[in-house]
Amino acid sequence: MSSTGPTPPHVVVVGAGMVAHRFVESLLSRTDDAWRVTVIGEEPRHPYDRVGLTSFFAGASAEDLELDASPLADERVRFQRGTTVTRIDRDRAEVVTDRGERIGYDRLVLATGSYAARLAVDGYDHDGCFVYRTLDDVEALERFVERRSAELGRRLTGTVIGGGLLGLEAAGALQGLDVDCTVIQSSDRLMSAQLDLPAGDALRRLIEQRGIGVRTSALTTRLDADRSGRVIGLEFRDGSWERTDVVVFTVGVRPRDELARAAGLTVDARGGVAIDAGCDTSDPRILAIGEVASFGGQCVGLVAPGYAMAEVAAARLLGLEASFGGFDVSTKLKLSGVDVASFGDAFAETPGALDVVYADPVAGVYKKLVLSDDAKTLLGGILVGDASAYGSLRPLVGGALGGDPVAYLMPREGVAAPTGELPDEALVCSCNSVTAGGIRSAVHDEGCSDVKAIKACTKAGAACGSCVGMITKLLGSELAKTGAALSNSLCEHFAMSRRQLFDAVRVSGLSTFSAVIDRFGTGRGCDICKPVLASILSTLTGRHVLDGENATLQDTNDHVMANMQKDGSYSVVPRIAGGEITPEGLLVIGQVAQDFGLYTKITGGQRIDMFGARLEQLPDIWKRLVDAGFESGHAYGKSLRTVKSCVGSTWCRYGVQDAVGMAVQLELRYRGLRSPHKIKLGVSGCARECAEARGKDVGVIATEAGWNMYVGGNGGFTPRHAVLLAEGLDDAGLLQAIDRFLMYYVFTADRLQRTAPWFEDLEGGIDELRRVILDDSLGICADLDAAMARHVENYEDEWKATLDDPEKLRRFASFVNAPTTPDPSLAYTAERGQARPATAEDRDAGVLIAGTTLEVRR
Amino acid sequence: MTIVTHERDAAAAPADWTAVCAVTDLETERGRAALLGETQVALFLTHAGRVHAVQNLDPYSGAHVISRGIVGTRGEVPTVASPMYKQVFDLRTGVCLETNGKEPRALRVWPAAVADGIVYLREEQR
Ligand code: SRM
Ligand SMILES: Cc1cc2nc3c(=O)[nH]c(=O)nc-3n(C[C@H](O)[C@H](O)[C@H](O)COP(=O)(O)OP(=O)(O)OC[C@H]3O[C@@H](n4cnc5c(N)ncnc54)[C@H](O)[C@@H]3O)c2cc1C
Ligand code: SF4
Ligand code: FES
């Protein structure tokens, strides 16, 4: 068919949905020739944005949703709304309408879309049961809810049957109407067509957090109505019954291929009018586009492929070459507050496909990238909880990822995914086929300077909107050409926070500093990032502080497992769990201190500190202590320090529980646990609180009914009382709650952030913390428990391990060329019967004492 | 005072140089103290394989502890942070790059060289 016949060719379009609208627009904008176009639509409306239907509940009016009026206003177009085509008479090349009119065509385009399906169960059409497809549907739903809740005088309970993309949107809409709603899904997870099981689980938690109920693996068997015929409940296969006041079916769509069937066109076995890549049906005069068309045996309920077909059909009617390239089934959920996207080969069905998974159950994030077997080409992916990378990843499908896959998976404030370098031909907006180059030229050649202008100019972002983030990013970099600095950078070597680095290390599975900095950082680190990484690696790999490269990351205190004092000597603190010590233990400490000439003091943490030990003396001192059964007290580490106790029920006349026993148990459980900052615990035997437990990160106070647990206390610079987390716990319950609290903190706190400020920053405060730790609202408790179990299991005394390893002992030489020569600059003087570092005046006056065995006169 | 020394220099004039230890006595990115007569020197072997020698005395605290600081980089510059009050020094020049609000004070540096696996230092005219 040529476009330049003596009488203008006549195209009849059946259906006036989004795809029909795009077809007309495309056809007419491509030619000025005198075509005649007749559009016949069943709905009594101007074509509207079905994709944006849910915004109706957010206040958008029917007019707001209307698509651009100009294509149908073209004088070459005749638009008949509210008219249904009932038959195609192929012999006479005519369509017949429900008004009995016959309209002849040169070419016929079927764009009849789909029906929304209902579940084939008894009662599916009771009053109060809806589908979710058209403006009429949503208007009726809104009216019903208003009327029914007024009638019943209470909030309604609603049920959405079908847990796919549309079902979740509908649930959000019901919630917007003040309906308490639950989504029923027959399979084992939400959005089962797009998500794998872990992603579905992550999504479920996000949906539940929004206050929407989710019931999976649930088959509805019957809907019941009250006497007035209104739905009141549903029965499930397992026999259970739930009350409901309104039901929305979102169980899928069926192509509206009935006209084509009746006319004898080839229809696919699974439904849909079969088309070829040119959108031709089995009758060369008839084309089919949009959801009704089946290509390669598949109908797809997305607008982007429909638009692509519309373009192909329009071009081919004008005699141009064009073909439909297949479906891009990428999707993004448009439910505010819930980020979900799935694109490309999300299920890794390509032979040899690899996947890289990042899961942060704490933040409710699950992300998966599917890569080719050489890990170079991006094939697809799933993003739940944070789909910010969707815009930048989707255009890369089928092409080289051009960067570290993990970088794309990190939390959004993390490493900037290398998106700035999108090639010009990368498709940014797939709804409207706009490439990165197209957007660049809109900025530079058309002078667009905001997203609105780009939308108007290129249509990018004007349909489903999921590419807007990407457009914004491109726009920003084109306009400014400056890289914005990331504010939460740890230091110049890592452009991320401790928490992000923790996640990066966890996901990548890297276990050495060099590997981590090569991949996620720059340079060779510094005194800020190295200790942070040492701590993170300790939590994740559980290796000794001085193992291999670990040794180079440690602050001097951790490096020699002692606390550096002002003159460069060290203090030694053996663990005295719970502050309980035997007379024999006291004698050992006294003897060691005496033999090495160390100053001794009882610390504020209920133990004994020995000061003035020289670097080369540390192994000898510790040999003595370890042989006598002592172990490191970690006074030097960002780790558990002490568990302070009071004497408790064993001796005290008021004590109600064994405070010392519990303190010892806690200290032995958490000893050596490396953390963002130091951790201190306290246990008091009664409410008089002699252990000052409420000044600790975790405070435990005995009551007749069990242990009360307080968290987030602090002494020090900004004192703060700990807050009650749980009451009346038994021993096992207490341990479990502390395990989880501490690990949750270790996983998520910032560098040098103690529990008090961390807790202050925690969204939702103590209630949220309770939900996480006691009710497992994030589903992370198993992870936290496992991490703590690993810690307890792997604990070894790091001083004993050092003494057993000659390689580790080498670092305690005072001088590399004189390993046992004391630092000649150290000098001491006596005060109150003990040694202390000499001041400049002492040195001038010459009243010095020195040596490993020093005599102090009393 | 930037002294760039190559291994050749040591071989060329071994007489001016003092052997201090074997390179294998050093640990990459972790310092070691050495005695040069009465003077304490802090030796560092960087990731790039270079040996640097600076004074062990921390000018800010008066303690001999520079060898026990954390080694790293600032941009391209190899650095050490004092373990006491965390001032950061350029290992090549001894210049203090981060004074933490104090007056700038530099570390003395010694030319260092490696020949046949031995670390040599040269006493400089100051
Ligand atoms: C030795 C000891 C003082 C003493 O002789 O009693 C001590 C000594 C130091 N404390 Fe402490 N603190 C000691 C108990 C405390 C206590 C009391 C307690 O634990 O009940 C507190 C208040 C409670 C608290 O932490 O909430 C305490 C709050 C601090 C703080 C402030 C922390 C804060 O959150 O604001 C610092 C500074 C820091 O960590 O950044 C600090 C830092 C230090 C440092 C690391 C200062 C430094 O950089 O040299 C000291 C080195 C320890 C060493 O050389 O052994 N020390 N420090 C106590 C060791 C306890 C132990 O057995 O391990
Ligand atoms: C709530 C909702 C959210 C969605 N979100 C997204 C999304 O985020 N992303 C995405 O890609 N897709 C989304 N979709 C799907 C998208 O809307 C459809 O894929 C798209 O509208 C299909 O366009 P179409 O023109 O082929 O069919 P339709 O839009 O269904 O249009 C077909 C039209 O033809 C009419 N018709 C049918 N038979 C006849 C006849 N015999 N005579 C006359 N008229 C007839 C129908 O009444 C209808 O108006 C969503 C759909 C819904 C309902
Ligand atoms: S807290 Fe209670 S049990 Fe403990 S010592 Fe004080 S009074 Fe006794
Ligand atoms: S991808 Fe849907 S509007 Fe751009």
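Select A:Arg133 and ligand 2. A polar side-chain atom of A:Arg133 sits 2.5 Å from an oxygen atom of the ligand. Bear in mind throughout that this is a predicted model.

Stay at ligand 2 and add A:Val303. Here the protein partner is a polar backbone atom, 2.8 Å from an oxygen atom of ligand 2. Next, pick A:Glu42. One of its backbone N or O atoms lies 3.0 Å from a nitrogen atom of ligand 2.

How much of ligand 2 does the protein bury? Taken alone, the ligand exposes 990 Å², and the protein buries 95% of that.

**The shell around ligand 2**

Now show the residues around the ligand. There are 32 of them. Those that come nearest are A:Glu43, A:Arg50, A:Arg133, A:Glu291 and A:Lys334. So A:Arg133, your starting point, is in that group.

Colour the shell by class. You should find 14 nonpolar, 10 polar and eight charged residues.

Then switch to cartoon and highlight three elements of chain A: α1 (18-30), β2 (36-41) and α5 (165-176). Each supplies at least two residues of the shell around ligand 2.

**Where chain A meets chain B**

Leave the ligand and select the contact between the two chains. Chain A brings 36 residues to the contact, and chain B brings 31. Together the chains bury about 2,700 Å², with 50% of that on carbon and sulfur atoms. On the chain A side, label A:Arg524, A:Asp527 and A:Val816. These lose the most area to chain B, and together they make up 23% of what that side buries.

Which residue of chain A forms a salt bridge with B:Lys86? Select A:Asp555: its closest O atom and the N atom of B:Lys86 are 3.2 Å apart. In total, four salt bridges link chain A and chain B. Polar contacts between the chains come to 19 residue pairs, counting those with both residues at pLDDT 80 or more.

Go back to cartoon for the chain A side. Highlight α15 (513-520), α16 (529-541), α17 (550-553) and α18 (556-560). These are the elements that give two or more residues to the side touching chain B. The largest share comes from α17(A), with three residues.

Finish by colouring that side of chain A by class. Its residues divide into 12 nonpolar, 14 polar and 10 charged.

Definitions and conventions
Residues numbered from 1 in each chain as written. Chains lettered and ligands numbered in written order. Predicted model: local features only at pLDDT ≥ 70, side-chain atom pairs only at ≥ 80, totals over all residues. Heavy atoms only, no water. Contact = heavy atoms within 4.5 Å. Buried area = accessible area lost by both parts, 1.4 Å probe. Salt bridge = Lys/Arg side-chain N within 4 Å of Asp/Glu carboxyl O. Polar contact = N/O pair within 3.5 Å; in protein donor to acceptor, adjacent residues only side chain to side chain. Helix = DSSP H or I, 4+ residues; strand = E, 2+ residues; numbered from the N terminus. Nonpolar A, V, L, I, M, F, W, Y, C, P; charged D, E, K, R; others polar. Near = heavy atom within 4 Å. Areas by Shrake-Rupley, 256 points an atom, 1.4 Å probe, with all protein chains shown as cover.
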